[in-house]
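Q: I'd like to learn how to read a model like this one, feature by feature. Could you start with how covered a residue is?

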Amino acid sequence: MFTLGCEITVGNYRFRQVNSVKIESSWRELSATAIIKLPNLNDKLEKVFKEGDPINIILKYEGDYEGQEFSGFVDRIKPTIPFELQCEDHAYFLKRVNLKKAWRSVTLIELIQYIVDETNLVHGTDITLHSEIPEVNFTKFRLNNVTGYKAIEKLKDEYGLTAYFRGSELYVGLAYTETLDQVDYSMTWNVISNDLTYRKADQVRVKVKAIGITPDNKKIEIETGDGDGEQRTLYFYNITDKIKHKELAEEELVKMKFEGFEGKLNTFLIPFAIHGETAVIRDPQYNEGRAGRYVIDAVTTTFDTSNGAKRSVEIGIKI
């Protein structure tokens with residue numbers, strides 16, 4: 001039997017008992033978030049915590065596992081019963097810096113470096129850039145008195161980029177490009193339950209809308225795949241050849257029409273997992289017939305005294 005434990009630091013205060021904790025992170029979201037619920041203690045907690053307080057969450061099985069599950073800052077305080085702290089990672093600071101600048105020509109890394117430098121200057125933070133931000137060129141790019149957060153969201157929405165933090169390090173670029181650890185899952189060993197569906201490749205109907213960005217920032221659009229399928233939008237950069245653009249789109253279509261699992265699996269705290277890692281899934285009932293490697297898209301970790309500690313792991317494309 002595992003004995004649950006936690007160690008949570010908020011500002012200058014440390015405590016080891018909570019009503020519940022919920023942590024969510026995904027490569028699709030710029031912010032990783034955490035919600036902590038505490039006994040209200042006769043309204044005393046309102047005077048103890050404040051927005052911007054640094055927060056660190058360690059969850060554990062006493063004597064068996066201890067891991068830092070979240071590090072960030074208090075974003076909102078809700079004096080409800082139970083008392084609630086809503087927290088964000090370093091994206092918290094991007095929402096609190098306003099930017100106003102225009103470029104005739106700028107690269108992605110120059111643009112993100114400007115956002116990071118201004119944020120660090122205003123808040124005294126130590127945000128750094130990931131070393132593998134791709135080469136993308138923009139023309140006539142303007143930040144018209146917007147927050148750093150909205151500026152990066154604009155890049156995500158208009159250019160199909162992804163953005164997220166690893167600690168204080170910011171990544172902006174293409175999805176599924178990091179090389180991280182693998183996590184082993186067995187349906188009869190360390191998986192509590194699952195919402196997975198096993199699908200055959202010929203059962204998948206997908207239509208790809210491929211948007212190519214040329215070096216002078218123009219867009220070329222093509223479609224390929226199943227006309228009646230679920231539409232996925234992909235972006236490709238520095239496109240100069242329409243034939244090559246279509247080849248790239250069709251290569252991605254093949255990746256999407258894979259045979260294998262889709263959905264979520266549920267585990268205890270062990271094994272630890274983060275988005276971007278590789279989930280190696282085995283189902284002994286089918287020997288190695290359904291074994292596969294998948295990128296983890298998102299992880300939700302919950303902790304409370306009634307239901308214990310669990311992870312919901314959403315898997316994405318098959319590797």
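A: Sure. A residue is buried if its relative accessible area is under 20%, exposed if over 50%, and partly exposed in between, using a 1.4 Å probe and protein chains only. Tyr176, at 33% relative accessibility, is partly exposed. Before going on, note that this is a predicted model, where local features need pLDDT of at least 70, side-chain atom pairs count only at pLDDT 80 or more, and totals for chains, interfaces and linings use all residues. Numbering runs from 1 along each chain as its sequence is written, and side-chain values use heavy atoms, with hydrogens and water left out.

Q: What is the sign of phi at Tyr176, and where does Tyr176 sit?

A: The general idea: most residues other than glycine have a negative phi, and most peptide bonds are trans. Tyr176 has a positive phi of about 65 degrees, though not a glycine. Tyr176 lies in the loop between β12 and β13 (182–186). Those labels come from DSSP runs, numbered from the N terminus: helices are H or I with at least four residues, strands are E with at least two.

Q: What about Lys140: what is its phi, and is it buried or exposed?

A: Lys140 has a positive phi too, near 50 degrees, and is not a glycine. Lys140 belongs to strand β10 (residues 137–147) and is exposed, with a relative accessible area of 74%.

Q: And which peptide bonds are cis?

A: One cis bond joins Ile81 and Pro82, with omega about 0 degrees. Another joins Ile270 and Pro271, with omega about 5 degrees. Pro82 sits in the loop between β6 and β7 (83–88), while Pro271 is in the loop between β19 and β20 (278–282).

Q: Let's zoom out. How many helices and strands are there?

A: The chain has 4 helices and 22 strands. Its radius of gyration is 22 Å, close to the 20 Å that the globule rule gives for 319 residues, so the chain is as compact as a globular protein of that length. That radius is taken over C-alpha atoms, and the rule is 2.2 Å times the number of residues to the power 0.38. Along the principal axes, the C-alpha atoms fill a box of roughly 65 × 60 × 30 Å. Of the 319 residues, 48% count as buried.

Q: How do I read a small sheet, and what is the strand order in the one with β11?

A: Start with pairing: two strands pair if DSSP finds at least two bridges between them. Here an open sheet of 3 strands runs β9-β12-β11, with mixed pairing. β9 (128–129) and β11 stand at the edges with a single partner strand each, so one side of each has no neighbour in the sheet. β9 and β12 pair in the parallel sense over 2 bridges, and Leu129 has Leu170 of β12 as its bridge partner. β11 and β12 (residues 169–173) are antiparallel, over 5 bridges; there Arg166 is bridged to Glu169 in β12. The β11–β12 hairpin has 2 residues between its strands, and Gly167 in it takes a positive phi near 65 degrees.

Q: Is Val172 buried or exposed, and which residues does it touch?

A: Val172, a β12 residue, is buried, at 1% relative accessible area. Contact means heavy atoms within 4.5 Å. Leaving aside neighbours within four places in sequence, Val172 contacts residues including Leu108, Ile112, Ile133 and Ile152. As for β11, 4 of its 5 residues are buried.

Q: Last one, pockets. What is the volume of the largest?

A: A pocket is an open set of points on a 1 Å grid over the protein atoms alone, where a 1.4 Å probe fits, with protein on both sides within 12 Å along at least five of seven lines; lining residues have an atom within 4 Å of a point. Points are joined across faces, edges and corners, and volume is the space filled by probe spheres set on them. The largest pocket holds about 1,100 Å³. Of its 37 lining residues, the closest to the centre are Trp27, Ala175, Tyr176, Leu234 and Met256, so our positive-phi tyrosine turns up again. β18 gives the largest share of that lining, 7 residues.

Q: And how big is the second largest pocket?

A: Its volume is about 480 Å³. The closest to the centre, of the 25 residues that line the second largest pocket, are Ser25, Ala32, Glu69, Phe70 and Ile274. Here β6 gives the largest share, 4 residues.
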